[in-house]
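Student: I would like to go through this structure with you, one question at a time. Could we look at the model together?

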Amino acid sequence: MSEPTPRPPRPVRPGPLADGRMSDPYRVGIDPASPVVPETGPSAWNIANYLTVLRLALVPVFGWLLLTHGGEDPTYRWAAFGVFAVAMITDRIDGDLARSRGLVTNFGKVVDPIADKALVTMALVGLSSVGEVMWWVTVLVLVREWGITAIRFWVIRHGVMAAGRGGKVKTLLQTFGIGFFLWPRSTLPFSGFWDALSWTLLGAAVVVTVVTGVDYLVQALRLRRTSERAVRKRAERAARRSGGASR
């Protein structure tokens with residue numbers, strides 16, 4: 001019997017796979033049976049993005065559980081807390097998966113923060129609607145959250161503003177502060193202690209939220225002045241002015 005003819009190697013376009021930076025096709029969302037490996041990186045259809053979409057889909061479920069019976073039914077409040085906890089856990093898991101398995105995509109970069117802010121928005125608006133949190137606290141936090149998102153898009157041509165340590169502390173305080181507020185604390189032993197703990201954590205979250213919001217704004221203004229794009233634009237304007245003056 002003649003030896004089977006070996007299959008020719010698949011062509012590989014230039015990119016991270018060809019450079020040896022991502023040798024496992026599954027880790028970058030590429031079908032290894034594909035005749036040509038694309039250079040565009042991981043597919044948007046991956047486990048990290050599935051978890052992000054799941055978190056976004058949980059937002060209306062969480063809101064319904066929180067607002068049912070005016071937020072006074074302990075069973076629904078515990079259920080709302082459970083959904084909130086699951087959603088926040090998926091936030092941690094999808095980020096770790098995306099970074100460790102090379103699954104970071106443009107879709108995830110856009111949808112992940114939107115899912116986070118939608119969940120926080122629903123939680124604070126719901127808690128204010130049932131009389132748990134003052135409206136001014138909700139408005140202050142949400143103006144900062146969505147305002148920073150708008151600022152990121154405002155400076156996107158100049159560079160990416162990465163989340164700093166202060167932003168991570170803010171998220172942690174918000175998560176625990178909102179989580180304790182979701183508990184039906186009046187039905188628990190030592191309810192006064194849980195009330196004080198909830199307000200302490202949420203109050204600290206509000207302070208850090210404002211401080212980091214101001215810091216992000218300062219960074220955005222500095223980035224628009226000092227980025228390579230800004231420097232090039234100023235140089236082009238100066239050249240046009242000098243060229244017009246020499247005529």
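Student: In which helix is the place of V218?

Tutor: This is a predicted model, in which local features need pLDDT of at least 70 and side-chain atom pairs count only at pLDDT 80 or more, while totals for chains, interfaces and linings use all residues. Residues are numbered from 1 along each chain as its sequence is written, and side-chain values use heavy atoms, with hydrogens and water left out. Helices (H or I, at least four residues) and strands (E, at least two) are DSSP runs numbered from the N terminus, and on that numbering V218 belongs to helix α6.

Student: Is V218 buried, partly exposed or exposed?

Tutor: Buried means under 20% relative accessible area, exposed means over 50%, and partly exposed lies in between, with a 1.4 Å probe and protein chains only. The relative accessible area of V218 is 40%, so this residue counts as partly exposed.

Student: Which element gives the largest share of the nonpolar patch?

Tutor: Patches are made of residues with over 30% relative accessible area and no salt bridge (a side-chain nitrogen of Lys or Arg within 4 Å of a carboxyl oxygen of Asp or Glu), where like charges are joined within 9 Å and nonpolar side chains (Val, Leu, Ile, Met, Phe, Trp, Tyr) within 5 Å. Here M134, W136, L140, W199, V210, V214 and V218 make a nonpolar surface patch of about 620 Å², an accessible area from the Shrake-Rupley method with a 1.4 Å probe, for which only the protein chains shown count as cover of residues. Both α4 (135-154) and α6 (191-226) supply at least two of its residues, but the largest share, four residues, comes from α6.

Student: Why is the pair of W78 and F81 called edge-to-face?

Tutor: Rings of Phe, Tyr and Trp (its six-membered ring) pair if their centres lie within 6.5 Å, and planes under 30 degrees apart count as stacked, over 60 as edge-to-face and the rest as tilted. By this rule there are 10 aromatic pairs. In the pair of W78 and F81 the ring centres are 6.1 Å apart and the planes stand at 85°, so the pair is edge-to-face.

Student: How many residues apart are W78 and W183?

Tutor: W78 and F81 both lie in helix α2 (residues 74-100), three residues apart, about one turn of the helix. W78 also forms a tilted aromatic pair with W183, at 5.6 Å centre to centre and 45° between the planes. This pair links distant parts of the chain, since W78 is in helix α2 and W183 in the loop between α5 (165-182) and α6, and their separation is 105 residues.

Student: Is W183 buried or exposed?

Tutor: Its partner W78 has 35% relative accessibility and therefore counts as partly exposed. W183, with a relative accessible area of 17%, is buried.

Student: Which element gives the largest share of the largest nonpolar core?

Tutor: A nonpolar core is a set of buried Ala, Val, Leu, Ile, Met, Phe, Trp, Tyr and Cys residues joined through side-chain atoms within 4.5 Å. Of the 26 residues in the largest one, F62, F84, L119, L127, I178 and L182 touch the most other members. Two or more residues each come from α1 (47-67), α2, α3 (106-129), α4, α5 and α6, and the largest share, seven residues, comes from α3.
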